Amino acid sequence: MDTHLIPGARFVDPKVLSRVKDLELLAKSVVDGFINGLHRAPYFGASIDFAEHRGYVAGDDIRRVDWRLYARTDRYYIKQYEADTNANLSVLVDVSKSMAFASQGVSKLEYGKFLAACIAYLSHRQRDRVGIVTFDSEIVAHVPPSAKHFNVLLHTLDRAVPERPGRLLANLSLLAEHFKRRSIVALISDLYESPEALVEVLKPYAFLGNDLVVFHVLDPAEIEFPYNEPSRFVDLESGEEVPVVPEGFADQYRKLMQEHISALRTKCTDARIDYVLLDTSKPLDEALFHYLGNRERLMRVR
Amino acid sequence: MSFLAPFFLVGLAAVAVPIFVHLIQRERRNVIEFPSLMFIQKIPFQSVERRRIHNWWLLLLRLAALALIVAAFARPFFTVDPVAAAARATGAREVVILLDRSASMGYGNHWARAQDEARKVINGLGGEDRATLVLFDDGPEESVRATSDRGSLTAAIGQAKVSSGATRFAPALRLAQSKLSMSDRSRKEAYLISDFQKSGWARQEEIHLPEGATITPISVAELETSDLAVASVSLARASFSGEDRVTITAGLINRGGTPVTKRPVQLEIDGRVTASRDVTIAPNGTGSVTYDAVTVSDSNVRASIRTGTDNLPANNSFFFVLSPSRPVSVLVLQNDSADRSASIYLTTVLGLSTAPRFTTEVAAASRVTPGQLDGRSLVVVNDASLSSATADLLRAFVERGGGLFLALGDRNPSGSDWALLPGSLGSAVDRLAMRGGTLGYLDYSSPIFDEFKDPRNGNFANMRFLKYRTLTPAPTDHVLARFDDGAAALVERRVGSGRVIAFTSTIDGSWNDVPKHGMYLPLMHRLAQYLAQFDQPTPWQTVGRMMDISTPVAALVREGQAGAGGSGRARGARGVVVSPAGEQTSLGEGGTPTIALNEQGFYSVRLTGVGDRRPFEVAVNMDPAESDLSSLPAAEFLAGATGGGTVTPGGTSMEQAVLTPADIEKKQSIWWFLLVAGLVALLAESIVSNRLSRRSGFNLFGTNAGSRA
């Protein structure tokens with residue numbers, strides 16, 4: 001029985017996807033299946049649509065003067081068109097070591113890669129320019145948005161390996177300066193930072209008119225903390241060890257995690273940042289919904 | 001506290017398992033790689049300390065359950081070691097000295113050594129100690145009752161002599177048990193001084209001395225013994241010129257490890273050596289000597305076989321009595337008018353018997369003289385009327401031990417008040433109309449019919465009786481057979497030492513078909529033997545048997561001496577017994593009723609009123625088993641006799657606790673309580689741990705390990 005929100009979601013089960021090595025094929029399968037399942041037309045279409053006329057002012061390009069209207073009215077009008085629908089999509093993927101955690105077969109990084117590939121494919125099909133930045137303690141790869149960079153993006157994703165500890169805040173601050181043009185910025189990370197600090201770093205993206213979607217990718221074990229044996233917990237990034245007796249501890253951990261998530265959600269909402277919590281055991285459809293929602297909003301802007 | 005199965009205590013190591021597992025749990029390190037310790041580090045530090053045992057009492061409950069069950073399997077019991085207790089005990093002793101005086105103790109210097117050992121025990125007595133001296137062979141004799149007087153004990157030992165009796169330990173040990181049980185002394189000891197013959201102990205006998213009592217066996221047996229014993233004598237009889245000739249064969253056993261070569265073996269008759277033969281017997285072998293046949297013309301002739309002397313002289317002689325095998329003399333009285341055919345059936349069947357042989361004489365009832373009864377064992381009155389004189393003669397004859405058989409026909413044998421007629425005689429019953437009657441009841445417990453108990457040995461049911469006399473027996477009479485209508489057929493009456501049997505029909509075939517019946521012959525043989533009190537004479541007896549006056553009287557009857565018109569009345573017979581040692585004892589009326597044949601040799605019984613005929617002789621020999629000198633190790637013997645025990649390092653000395661650990665443990669049954677307690681503890685543990693586990697997830701080992709549940 002298909003319990004997913006939409007029929008096409010069955011194509012986006014992360015465990016199934018993990019078996020597909022070709023990211024393009026993966027993204028194509030996911031997105032086509034997903035789109036077909038929506039039963040409505042995608043927001044593709046004319047890229048140059050007339051919007052209105054305005055009076056000529058000095059300095060306007062005379063090529064944009066509507067000469068036919070001049071002939072009828074003897075006045076100079078400039079033709080205005082709908083804004084360019086080809087948006088920039090920049091995917092910021094955290095490839096720090098913490099993203100390598102996997103309790104159920106699919107690591108957070110793999111999940112993030114599927115997600116990045118899918119949304120990139122979606123955008124690419126809409127003639128959007130797609131780019132990617134991977135980072136851990138520093139910028140690992142930077143592919144500027146371009147209509148021709150889809151394959152480069154996939155290649156970059158493919159090469160991304162979690163090797164080093166991450167410095168999320170520093171990297172985000174650094175990258176914020178690069179997004180001069182309005183873009184859709186999708187951040188894929190496990191966001192192990194203080195919500196306040198994180199949102200402060202993300203705010204500049206919004207100020208620059210970027211549409212920011214934060215995909216908070218977490219493994220179910222990070223949320224549920226299913227451990228009950230006394231164990232030593234080792235930090236994947238720092239290697240630090242902490243002996244833990246889960247008795248009574250799990251509840252506290254879950255509480256802290258939920259507080260962290262809700263703090264992120266609240267603060268992102270306040271800063272007009274889309275926040276999406278993703279569980280690596282869940283299908284990708286939720287993430288794609290959020291992305292498409294944002295994409296739609298962006299298209300309506302001139 | 002002791003344990004019956006201490007090796008089960010190894011199981012106590014199991015109590016370490018919960019602790020061990022707990023320690024293992026503590027030391028185990030699960031390493032989990034986690035994306036970030038951001039939140040974990042915010043939570044107050046959870047240390048190993050948290051893994052301490054939270055429910056000590058639960059752990060203790062488990063350990064206790066395990067320990068209880070293991071202890072139950074080890075079968076614990078509380079005991080005060082009786083041997084140790086006896087050793088520790090101070091105070092006066094109760095000592096029982098059991099001194100074996102059986103015939104085998106006469107071997108070599110066994111008896112002297114046994115006496116010395118007994119004296120040693122007596123010398124070891126303290127001033128407060130009390131000792132009982134028990135001499136035993138096949139029965140114990142309390143020679144000296146519990147006393148502190150060493151002098152009397154020593155004197156009794158000095159006076160004691162080896163008997164001819166066999167060895168039996170059980171009665172002596174039981175007497176010791178009884179003596180020690182009744183004593184209130186704190187220390188109870190028994191000393192058994194013997195040669196510990198194997199034959200003296202029957203396996204099924206077991207003795208239980210009181211708790212704390214010790215028994216110390218002192219053996220005087222030797223490993224190597226040599227002995228030649230005359231074990232048996234067999235007599236082969238033959239008749240020659242009306243005389244009995246007996247061929248005597250002696251059986252000998254060499255119980256030594258060296259051969260016996262050309263040892264003379266002499267036959268003595270009436271105190272004179274009549275023949276001598278040399279015998280050669282291999283080590284541990286047997287041999288026999290056969291002498292030329294001797295003519296036995298007189299009764300009660302003493303005879304013996306002797307073969308020199310050796311370490312055990314008692315079994316070098318074998319005593320027996322020679323008597324001629326006389327036929328049983330029967331006088332048949334019939335009516336004057338009757339011809340010989342009236343008794344032909346009876347005389348014919350009696351003449352056919354060989355063991356014993358019967359000689360019959362048929363006489364007219366009216367002309368019986370006292371002389372005709374002389375030498376008779378049995379008189380048969382075959383449907384005859386007796387004169388009063390004859391009736392009186394017969395009465396005297398029966399009272400002296402003679403037998404009388406009355407075959408009743410048309411005639412009354414005597415007056416109705418005749419003491420020999422068993423009951424009152426009535427008229428004749430004619431069963432012709434009913435085609436005859438049959439025998440309906442036979443008393444198979446009677447010696448007459450005993451042999452016919454088995455149906456294969458004959459059937460009396462098809463005998464036909466056309467006519468018989470009614471006879472109403474007196475209450476003291478014994479009905480041996482009845483007809484199918486309940487009328488008495490055979491009735492017995494005891495008169496004096498004799499027996500009378502009345503048959504209510506004829507024996508000539510006129511009233512019945514009995515003489516033509518196949519069972520007639522065995523029936524008449526049995527009747528005649530019974531009435532003549534015929535008993536196959538035994539040439540010798542074994543030490544320990546009892547003898548009463550009936551034995552010599554029966555011999556008189558058998559030899560036909562009862563009919564000699566003596567004055568002695570057999571029922572009230574009296575005699576004087578002279579033992580082999582020469583002691584005289586009165587036997588029978590006015591004297592002792594029985595006499596024990598305790599000595600080896602000849603007992604002479606001279607009955608009063610039998611004239612100057614030879615006295616009745618009884619030859620007595622020691623038990624052949626007593627010649628078997630093989631002995632048990634003392635400790636092994638006592639271990640068997642007292643149901644298992646411990647042997648002290650003292651070699652021949654063994655102190656035996658009466659109750660074995662198994663007995664004590666069985667008596668206390670502590671294991672049962674421990675097992676129940678252990679199971680209850682386990683039950684409580686499972687209930688409690690289930691509840692705790694459900695509530696907060698306790699692990700199996702009493703430690704709180706988180707949400708395992």
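In chain B, a helix-to-helix contact brings B:Tyr345, B:Leu346, B:Val349 and B:Leu350 of H7(B) up against B:Tyr520, B:Leu521, B:Met524 and B:Ala528 of H10(B). Contact here means that C-beta atoms, placed from the backbone, lie within 7 Å. Sorted by class, this meeting has 8 nonpolar residues, no polar ones and no charged ones. Nonpolar covers Ala, Val, Leu, Ile, Met, Phe, Trp, Tyr, Cys and Pro; charged covers Asp, Glu, Lys and Arg; the others, Gly among them, are polar.

This is a predicted model, so local features need pLDDT of at least 70 and side-chain atom pairs count only at pLDDT 80 or more, while totals for chains, interfaces and linings use all residues. Residues are numbered from 1 along each chain as its sequence is written, with chains lettered from A and ligands numbered from 1 in the order in which they are written.

Back to the two helices: H7 (residues 344–351) and H10 (residues 520–531) of chain B have axes that come within 9 Å and cross at roughly 75°. That makes H7(B) roughly perpendicular to H10(B). The axes are lines fitted to C-alpha atoms, for helices over the stretch in contact, and angles run from 0 to 180 degrees between N-to-C directions. On that scale, under 35 degrees is roughly parallel, over 145 roughly antiparallel, 65 to 115 roughly perpendicular, and the rest oblique.

## Helices with a buried face

Buried residues have 20 or more other C-beta atoms within 10 Å of their own, exposed ones have 12 or fewer, and partly exposed ones fall in between, with C-beta atoms placed from the backbone. Helices (H or I, at least four residues) and strands (E, at least two) are DSSP runs, numbered from the N terminus.

In helix H12 (residues 634–641) of chain B, the buried residues are B:Ala634, B:Ala635, B:Phe637, B:Leu638 and B:Ala641. Looking down the axis of H12(B), they fall within an arc of 160°, so they line one face of the helix. The arc is that of the directions from the helix axis to the C-beta atoms. These buried residues pack against helix H6 (169–182) and S8 of chain B.

Chain A has a helix to set beside that. In helix H5 (residues 150–159) of chain A, the buried residues are A:Phe150, A:Leu153, A:Leu154, A:Thr156 and A:Leu157. They too fall within an arc of 160° seen down the axis of H5(A), so they line one face. On the other side of H5(A), A:Asn151 and A:Arg159 are exposed. As a bit of background, an α-helix has 3.6 residues a turn, so residues three or four places apart point the same way.

## Three buried residues

Here are three buried residues and where they sit.

| Residue | Place | C-beta neighbours within 10 Å |
|---|---|---|
| A:Phe225 | loop between H8 (220–224) and S8 (231–235) of chain A | 21 |
| B:Phe196 | loop between S7 (187–194) and S8 (214–219) of chain B | 28 |
| B:Val553 | helix H11 (residues 550–558) of chain B | 26 |

Phi of A:Phe225 is near 50°, a positive value in a residue other than glycine. B:Phe196 isn't a glycine either, and its phi is positive at about 50°. As for B:Val553, its C-alpha atom is separated by 7.8 Å from that of B:Ala573, which is 20 residues away along the chain.

## Two open sheets

Chain B has an open sheet of 4 strands in the order S12-S11-S15-S16, with antiparallel pairing. Strands pair if DSSP finds at least two bridges between them. The edge strands are S12 (272–281) and S16 (317–322) of chain B, each pairing on one side only. From one strand to the next, the twist averages 20°. S11 (residues 260–269) of chain B is joined to S12(B) by 8 bridges, and the two run antiparallel. One bridge pairs B:Val260 with B:Ile281 in S12(B).

Which strands make up the open sheet of 3 strands? The order is S9(A)-S8(A)-S2(B), with mixed pairing. S9 (241–244) of chain A and S2 (30–34) of chain B stand at the edges, each with a single partner strand, so one side of each is left without a neighbour in the sheet. The twist averages 30° from one strand to the next. Between S8(A) and S9(A) there are 4 bridges, and these strands run antiparallel. A:Ser231 has A:Val244 in S9(A) as its bridge partner.

## Chain A overall

Chain A comes to 10 helices and 10 strands. Of its 302 residues, 41% are buried.

Key. Two residues are in contact if their C-beta atoms, placed from the backbone, lie within 7 Å.
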